[in-house]
Amino acid sequence: MDLWRLDRLYLFRRMALHALGLGALDHPDEEVEFLLAENGQVLWAYDCEPELGRYLAERAPRLPLLILNRLREAVIAGPTEQSIPGCTADHLAEYSAEKISRRLGKLREGAVIVPLPTEEQPEDMGDVQTVRVVHRGPDSDRADDLLELSPEAVADALLAADGRFSASRQLADLCTRKPELALACVPLLAEQRDGGWEGWGGLNELARVPNPAPALATIARVTADYPQLAKGTLLWALAQIMQGWGGQAGSDTAFRTDYLNVWRYLWHAATLEGPDEVRDNDKLDITINHPAGILAEAMVDLIISLPDDEAGDLFGDLDAMARAGGQAAHHARVIVASRLLWIHRLFPDWTARTIVPCMDHTSPDAVSLWQGYFWGGRWDIPLMEALAPAFLSMRGGFDERQLNGTWNDMLADILMEAPGLLSAHHVSRVMRDADEEDLQAMARHFSIRLDAAKEKAGELWLKAIRPIMDSIWPAATARHTSPVVETLVRMALRCREQFSNAVTLLERRRLLRPLDRDHAILLHLDRDNGELPDYCAIAPDAVLLLLSRTIGHDLDSWEAKDLGAVLKRLIEARPDFAERLEFRALEATAAKAGL
């Protein structure tokens, strides 16, 4: 990333994206800033698409929620003329649709909730295996030669298709371009293939048909005539279709009746499915791609979309899903946890009795349900009041570092937005037991919130974050390592007009110490980059205090150069600093490094 900033060689930004896809930075906001800087030139660059595809599918889903939301919104908003040098306004609209579609598809592969892309995954972003998006293959996988045939001839052609996924892709293309012909083939195919036939996968494109009522009638007839088929690939495809038609079921009462009959039949079939090939309760991607998980999403989202009285009519389905035995119920509970805020508002007593106990650390479902809950990432005070004991019981209870980090992010949000919700005793115990990674994660989350607040960052610091740092944050201990202190300094840099206030507090609480090499603090101070206030000009005393406490005596030559630039700007703002001992000591440190 630094090489790209210094020398605009396109190879450097591809290398940076490749590295980010393999391993995260300590400060996730920096990697997303790399993508979005200069009107998002890296995000929308054609030459970066293979590396960007892997990043969006594998790394982006593990970003903290606020940072992920920023990236997601940037993708949905699309490129501007400034994002793509040489792109004219006339060409931008057509170009944007294709670019947005590709990037949304990659985010959905990583289980990020985004609108469905308008087109499937192209070849040049195909280095990551698709999950929810069926991509178009070569011309032989299209349905061009099938569109004018009879249903019998189409069925015969699909059954005779070469290649493992050719039939699936041809059927998907047929569902998109001539859905009535695809539907006419379904009973014919059902007579000759079982539910495990891979060609059924293309049927999921029926989820996008504008008028699903005729298709629903066909599916209801096929499932009634061939009940043994509701398994394997066909069950997965039908579950996808039911999820896609959930919006119609929410707005059309007559359609909803038939929809629910088919859904209940498919749910029963999903409860009979065998165990996953790789049994791993802690993997959210298994849940959201399992037929039971997809059907649970469809039902929960339908319930949430309905008025309260109509939602209550489906309470029996919700309860049956969550209480059933086996892996289907497990997947259903994970999905309910991902929408727990809305389910709790509708059915608070049921949530407290049925779901919350499964989120306590003593439950074998706990990690999976919290992973689902973090995927949704929404809470309010009534929900957290019910969830608080289970939430606190999970401190440090995740094997994955990212999940522990998300837990710390949520704790930071609770302390900021509902400071009295958790008892002082529990908060004190959590902070006393917090290790270096916990403290760094919370401080990083404060930085992210301040950055998102923009012009209101100073107000957010005074009202929400300063009280935490003043009375709850642990005093200086061995846990305040250089990475933790660096994160605290980054937090102070984002306080804008309250920067001096933040630095003074960190100094008073003895939370500042010399940083190790290779930090980037000086880069935020040695130039006016337009993203942060020019602290050297408006708060020189705070900058000098910060530098005197955090700059060590052993600098690299490039760090000495950056320090020299900051000192030059300070002396321009405050000539009297030349007589200050702290300033002269910093000059000596820079000179020692050969500046």
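In this predicted model, Phe 391 has a relative accessible area of 0% and is therefore buried. Trp 407 is buried as well, with a relative accessible area of 1%; the cut-off for a buried residue is under 20%. These two residues form one of the aromatic pairs of the structure, which holds 15 such pairs. The ring centres of Phe 391 and Trp 407 are 4.6 Å apart and the ring planes meet at 15°, so the pair is classed as stacked. Planes count as stacked when they are under 30 degrees apart. Phe 391 belongs to helix H22 (residues 381–393) and Trp 407 to helix H23 (residues 401–417), so the pair ties together parts of the chain that are 16 residues apart in sequence.

Another aromatic pair is made by Phe 577 and Phe 583. Here the centre-to-centre distance is 6.4 Å and the angle between the planes is 45°, an arrangement classed as tilted. Both partners are buried: the relative accessible area is 0% for Phe 577 and 2% for Phe 583.

Ring pairs also build a cluster, made up of Trp 370, Tyr 373, Phe 374, Phe 391, Phe 398 and Trp 407. Phe 391 and Trp 407 of the stacked pair are thus members of this cluster. Tyr 373, a further member, is also among the residues with the most contacts inside the largest nonpolar core, together with Leu 203 and Met 469. That core has 164 residues. Leaving aside residues up to four places away in sequence, Tyr 373 touches Ala 337, Ser 338, Leu 340, Met 359, Arg 378, Trp 379, Leu 383, Met 384, Leu 387 and Met 410. A second core, separate from the largest one, contains 25 residues, including Phe 34, Leu 36, Val 42 and Ile 67.

Ile 288 is located in helix H14 (residues 284–289). Its relative accessibility is 1%, and Ile 288 therefore counts as buried. The C-alpha atom of Ile 288 is separated by 9.6 Å from that of Gly 372, although the two residues are 84 residues apart along the chain.

Helix H25 covers residues 436–453. At 1.5 Å a residue, its 18 residues should span 26 Å, and the C-alpha atoms at its ends are 26 Å apart, so the expected and computed spans agree. Most of the helix is covered, with 13 of the 18 residues buried. At the N-terminal end, H25 is capped by Asp 435, which has a side-chain oxygen 3.2 Å from the backbone nitrogen of Glu 437.

Lys 454 comes just after H25, in the loop between that helix and helix H26 (457–472). The phi angle of Lys 454 is near 55°, a positive value in a residue other than glycine. With a relative accessibility of 48%, Lys 454 counts as partly exposed, because the range for that class ends at 50%. A positive phi near 55° is also found at Arg 496, again a residue other than glycine. Arg 496 is placed in the loop between helix H27 (482–493) and helix H28 (499–508).

Terms used: Residues are numbered from 1 along each chain as its sequence is written. This is a predicted model: local features need pLDDT of at least 70, side-chain atom pairs count only at pLDDT 80 or more; totals for chains, interfaces and linings use all residues. Side-chain values use heavy atoms; hydrogens and water are left out. Helices (H or I, at least four residues) and strands (E, at least two) are DSSP runs, numbered from the N terminus. The expected span of a helix is 1.5 Å times one less than its number of residues. Buried means under 20% relative accessible area, exposed over 50%, partly exposed in between (1.4 Å probe, protein chains only). A polar contact is a pair of N or O atoms within 3.5 Å; within protein, one must be able to donate a hydrogen and the other to accept it, and residues adjacent in sequence count only if both atoms are side-chain atoms. A nonpolar core is a set of buried Ala, Val, Leu, Ile, Met, Phe, Trp, Tyr and Cys residues joined through side-chain atoms within 4.5 Å. Contact means heavy atoms within 4.5 Å. Rings of Phe, Tyr and Trp (its six-membered ring) pair if their centres lie within 6.5 Å; planes under 30 degrees apart count as stacked, over 60 as edge-to-face and the rest as tilted.
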